Amino acid sequence: MNFQMLRNSFIVGSLGVSFTGFIALFSPYSQFSQFLISSGLGSLAASNLAIESSQKISNRKRSKLLAEIDSLRGETNSFAGMLSDKHQELSRLADDRNNLADQNLDLIDSLETLRSDLKATKQLLNESKDINFNSAVDTLRESLKEVQSQVNNLIPMLIKKFDVDITELLNQFNQDCASLSKQIGVISDNSKLSNEDLIACCIAIQHDILNKGISLKAKLYKSAVDKLQKQLNNVIPLDEHNQKLEQVKTYYLNNIKAIQEEFGSIADNCITAYKQDFQEVVNDGLTQSQELETLQNQILSLNGKLQDLSKPLQFVGTSESARVGNSIINYYSTKLGITLDAIDFSSTSEGYKLLFHLSRNSRFIPCDQLNDGNNPDKIKELSGSLNSPKFSQSERGNYVSLEIELRKVEKKQATIEDIRRLIEPSTKFGEIVTRYHQNKPTLRVMSATGSGKGIAVKNLLQHYINHWENWELWLSDPQHGSFEDYWNCPKIAKSPTEASRVLEQFIEEFNDRKNNESFNPDIPVMGIFDETDKTFDKKQKAGISQIWTEIRHRKMKMILIGQSAECGKQGWQWDELQNMSLMFLGGAIGTAIKHADDMGWSQDMKTKIPSIYAKVSEFFNQQNADIPVKNHYRLALLVDGMKYDFVEIPPALDGELTNNKSWLVSSPWQSKAIKEGQNIACVHCGSLDVKKNGKSGDKQRYSCNSCSKSFSV
């Protein structure tokens, strides 16, 4: 198809319409001139685009058709080359077969020659009167070796040239050669054979040697000929190949002709459809141009509205708060490109507070970015604030607040009543600690030296002996007799050695109760071990960790008193503290706050506990300045999982702890003796049937009539 001729036709037509419109300018029908001129020019542009598009489609299909023809031509040439190679290979195989036939004829001639020589040899032997025995044996062996050599030289040539499998034939030949070698050996061992017997044996063996060798050669050549015959049968004849090639050519030529006819038909249909639709396109052009102008005007209007909407929302009113807030909004918008939408402002005791929304920014804006650099100083300049205001993020939504400080307000002094609204009073100390200790059988008390752990535990023991029923309390104090010893009560251990022994006895009692071997399973026992961290080694602490939860089932409890809350330094890990109720005193509360994540505190705990501790400790420190040490305000934090309480510790107790409903004892099972108005019970079995048995140093020795064991108290 001649696209240039078609293009020229459209150009002439379009120019004619435009020229007619130009002439109409000077006629009474000038109102149609603009329509005719625009139609002509639009027709010229549209026709040129349509013709170029049709020409590109035609060129692409023509290129695709030519590529398919080239691909077919390449496949045909490749197939012809392969056929030529097969023909040459067939010719080579035919030549090899003819050569094998010639070699077979030569082999037959050699066989006839050998037979003639054999007959001549036999005749000579018959005529000979005296035969050399050794020469006969050597001749047989040389004949056998010669046949083996011929076969071994033939085999590599057949394998390399024809790739035949001769394993089975070679094995059979080797077996035959071995048999012939044995037969020659038999003759060699019988040197006294007569001439007639020797001749007969030699002729027979020589005949076998020749027969075996010639037979194997014939089989080897036959294998090669059979393989060549199989290859020849699989080769396609040249006439058949030419016939198939001609069929392929005819098929593809027919397809090419059909494609050409179909392409011509499609191209003609496209041009016809274009001519039919072109007039409709021209008619719609004017209408669409008018609509386009209307849409452009609407877009300009919307862009103006969009620019107004993209501006940050301002505070309403003429107050100082609104003016400062709007100046801050304009500063962040123009200088930093950050949108701060005004929400509200409110008065505070120091000045006022501004609220801004950040949701219309394309990314999350953290407070660190708002407070970066000299931004706080710029806000201070705009607002006249006494401080350098900084934004703070709200926890409930995506908005920030900014507090402007215009005046200083005297901080209200907290009172003891204000503080006690945050914590539990000292009058409930024993009751609240008891609740924690009943929930978990082991209570861990942690505090630095001088923080009041002895005062707290002594108040706790006072509560236990007056409110708990029939408990036997074992107080272990490795620092007995020191300047800080304010216990003033019976103790079951008064040195580190005795403390270790009592711990072992406490663990042993637990195991006996677990195995139903205890003499006193019904007596509730509580072990109070002071200086736990310094007194016990890692092995002893491991023994404690094995029983500190299970003792609740055996009417047993423990109080572990230590100086440091850094449990990792004391042989236990933070997650192990979840097995105990915890009492942090004084500065140890700060250590607990530092390890809040290690103990799995909730977000509420991590927020409220530091806040309460800061307020209460500040007040207590101020009040303690003028108060005697024994009457100091002291604070305890009790923690059990996600439950916690702040409790004020009562002042130090003066005087001794007096047994009442439960008993502090100086030896195991002494409570049984106290109930009976006696003083000593057997430390092994708890029996009251004991008698004095001399002294051991400053201690009285006793012997038990029930278990026959001795002990010192």
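1. Start with strands β13 and β14 in this predicted model. Strand β14 covers residues 699-704, runs antiparallel to β13, and is joined to β13 by 5 bridges. Within this pairing, V690 sits opposite C704 of β14.

2. It helps to see these strands in their wider setting. They belong to an open sheet of 3 strands, ordered β13-β14-β15 and paired in antiparallel fashion. At the edges are β13 (690-696) and β15 (710-712), each of which pairs on one side only. On average, neighbouring strands of the sheet are turned by 30 degrees against each other, direction ignored.

3. You may wonder about the cysteines: how many disulfides does the structure hold? The count is 0. A disulfide is a covalent bond between the sulfur atoms of two cysteines. For C682, the closest cysteine sulfur belongs to C707 and lies 3.7 Å away, which is too far for a bond because the cut-off is 2.5 Å.

4. Is C682 buried or exposed? C682 has 0% relative accessibility, so it counts as buried. C489 also counts as buried, because its relative accessibility is 15% and the limit is under 20%.

5. Finally, a look at the whole protein chain, which has 18 helices and 15 strands. Of its 713 residues, 37% are buried. Among contacts with a separation of 6 or more, 67% are between residues 24 or more positions apart. The chain exposes about 41800 Å², and carbon and sulfur atoms supply 50% of that area.

Terms used
Residues numbered from 1 in each chain as written. Predicted model: local features only at pLDDT ≥ 70, side-chain atom pairs only at ≥ 80, totals over all residues. Heavy atoms only, no water. Buried < 20%, exposed > 50% of the residue type's maximum accessible area, 1.4 Å probe, protein only. Pairing = 2+ DSSP bridges. Helix = DSSP H or I, 4+ residues; strand = E, 2+ residues; numbered from the N terminus. Axes fitted to C-alpha atoms, helices over the stretch in contact; angles between N-to-C directions. Contact = heavy atoms within 4.5 Å. Areas by Shrake-Rupley, 256 points an atom, 1.4 Å probe, with all protein chains shown as cover.
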